[in-house]
Amino acid sequence: MAVRDPDPGNPSGVRLIFPDYPYAEDGLEIWTAIKTWVKSFSSIFYKDDDSVHSDEELQAWWSEIRNVGHGDKPHKSGWYEMATLPDLVEALTTLIWTATGLHAAVNSGQYAYASYPLNRPTLCYKFIPSEGTVEYAEFLSDPDKYYLEMIPGKFETALAAALTEVLSHHAMDELYLGRSSYNWTDNAKARHSFSEFSKELKNIENRIEERNRDPNRKNRSGPAKIPYKLLLPDTSNFIPKGGIRGKGIPNSISI
């Protein structure tokens, strides 16, 4: 089921049908900020479509991604042809989003949810019983007991909890999206473009915090009253503390 409609007047190009959808609402803002930055940055070095199409190194890189990295599906639909500047912008935006915002949204909240084994058991030692069987009668007589007998024991549970902790853990020197730990270019236009990107991410932080305080947005905190921060950039945090944070968008995937 679609959750958005096309909307050329919106910076993201779409309008959410369900506005109280934290992942989509925050994610679209992050996506749009990335795309704006990528377009600004790419336009410094590629002035027109021909400069993209004629760049042999760029074309070789894209060909390797499509034909070697995805050798089983190079002719599937959805590939950008890398013939125009918009092709380059869309491809880079998709790559950066996947390695930053998307990964943060699906990864960083694992420990908070899955470390409680009843939320998401990693194994099941029994089948769900079929109606009319002895097992089904046992299930009806004591559902809690039957369920607890289905899930793993202490060792497997502890192992799974430890794994989700490692996956959700941020390093002490974590570099978040919109931050740079060194002078990565001497191009003044590129530095300015990145600075504007960082400023927009800080603005997005403020808007996310504001949405999380809105009592009418029920899905942003749910019954547990835990605000949705998996896509909070945390770009303004200049001294990352590491650990299980549940916020901040790491600048890359390290697995």
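Buried means under 20% relative accessible area, exposed over 50%, and partly exposed in between, with a 1.4 Å probe and protein chains only. This is a predicted model, in which local features need pLDDT of at least 70, side-chain atom pairs count only at pLDDT 80 or more, and totals for chains, interfaces and linings use all residues. Residues are numbered from 1 along each chain as its sequence is written, and side-chain values use heavy atoms, leaving out hydrogens and water.

**Figure 1. The whole protein, with nine helices and four strands.** Helices (H or I, at least four residues) and strands (E, at least two) are DSSP runs, numbered from the N terminus. Following the sequence, you will meet them in the pattern β-β-α-α-α-α-α-α-α-α-β-α-β. The radius of gyration is 23 Å, well over the 18 Å that the globule rule gives for 255 residues, so the protein is more spread out than a compact globule. Here the radius is taken over C-alpha atoms, and the rule is 2.2 Å times the number of residues to the power 0.38. The C-alpha trace spans about 70 × 45 × 40 Å along its principal axes. Of the 255 residues, 33% are buried. With contact meaning heavy atoms within 4.5 Å, 63% of the contacts between residues at least 6 apart in sequence join residues at least 24 apart.

**Figure 2. Salt bridges of Glu 25 and Asp 26.** Side chains of opposite charge can pair when their charged atoms come close. A salt bridge is counted when a side-chain nitrogen of Lys or Arg is within 4 Å of a carboxyl oxygen of Asp or Glu, and the structure holds 15 of them. Arg 211 and Glu 25 meet at 3.8 Å, N to O. This pair links distant parts of the chain, with Arg 211 in helix α9 and Glu 25 in helix α1, 186 residues apart. Both Arg 211 and Glu 25 are buried. Asp 26 and Arg 220 form a salt bridge at 2.6 Å, N to O. Asp 26 lies in helix α1 and Arg 220 in the loop between α9 and β4, so this pair ties together parts that are 194 residues apart in sequence. Asp 26 and Arg 220 are buried as well.

**Figure 3. The salt bridge between Glu 90 and Lys 35.** The closest N and O atoms of the two residues are 2.5 Å apart. Glu 90 sits in helix α4 and Lys 35 in helix α1, 55 residues apart, and the pair links these distant parts of the chain. Glu 90 is partly exposed, with a relative accessible area of 21%, and Lys 35 is partly exposed at 31%. Elsewhere, salt bridges that share partners join Glu 25, Asp 26, Glu 29, Glu 200, Arg 207, Arg 211, Asp 214, Arg 217 and Arg 220 into one network.

**Figure 4. Aromatic pairs, including Trp 31 with Trp 97.** Rings of Phe, Tyr and Trp (its six-membered ring) pair if their centres lie within 6.5 Å; planes under 30 degrees apart count as stacked, over 60 as edge-to-face, and the rest as tilted. A search of the whole structure finds 14 such pairs. Trp 31 and Trp 97 are edge-to-face, at 6.5 Å centre to centre and 75 degrees between the planes. Trp 31 lies in helix α1 (residues 22-45) and Trp 97 in helix α4, so their pair ties together parts that are 66 residues apart in sequence. Trp 31 is partly exposed at 21% relative accessible area, whereas Trp 97 is buried at 11%. Tyr 136 and Phe 139 form a tilted pair, 6.1 Å centre to centre with 45 degrees between the planes. These two share helix α6 (residues 134-141), three residues apart, about one turn of the helix. Ring pairs also link Trp 37, Phe 41, Phe 45, Trp 184, Phe 194 and Phe 197 into a cluster.

**Figure 5. Positive phi at Met 82 and Lys 225.** Most residues other than glycine have a negative phi. Met 82 has a positive phi of about 55 degrees and lies in the loop between α3 (56-69) and α4 (85-107). At 0% relative accessibility, Met 82 counts as buried. Lys 225 has a phi near 60 degrees, in the loop between α9 (188-212) and β4 (243-244). Lys 225 counts as exposed, at 65% relative accessibility.
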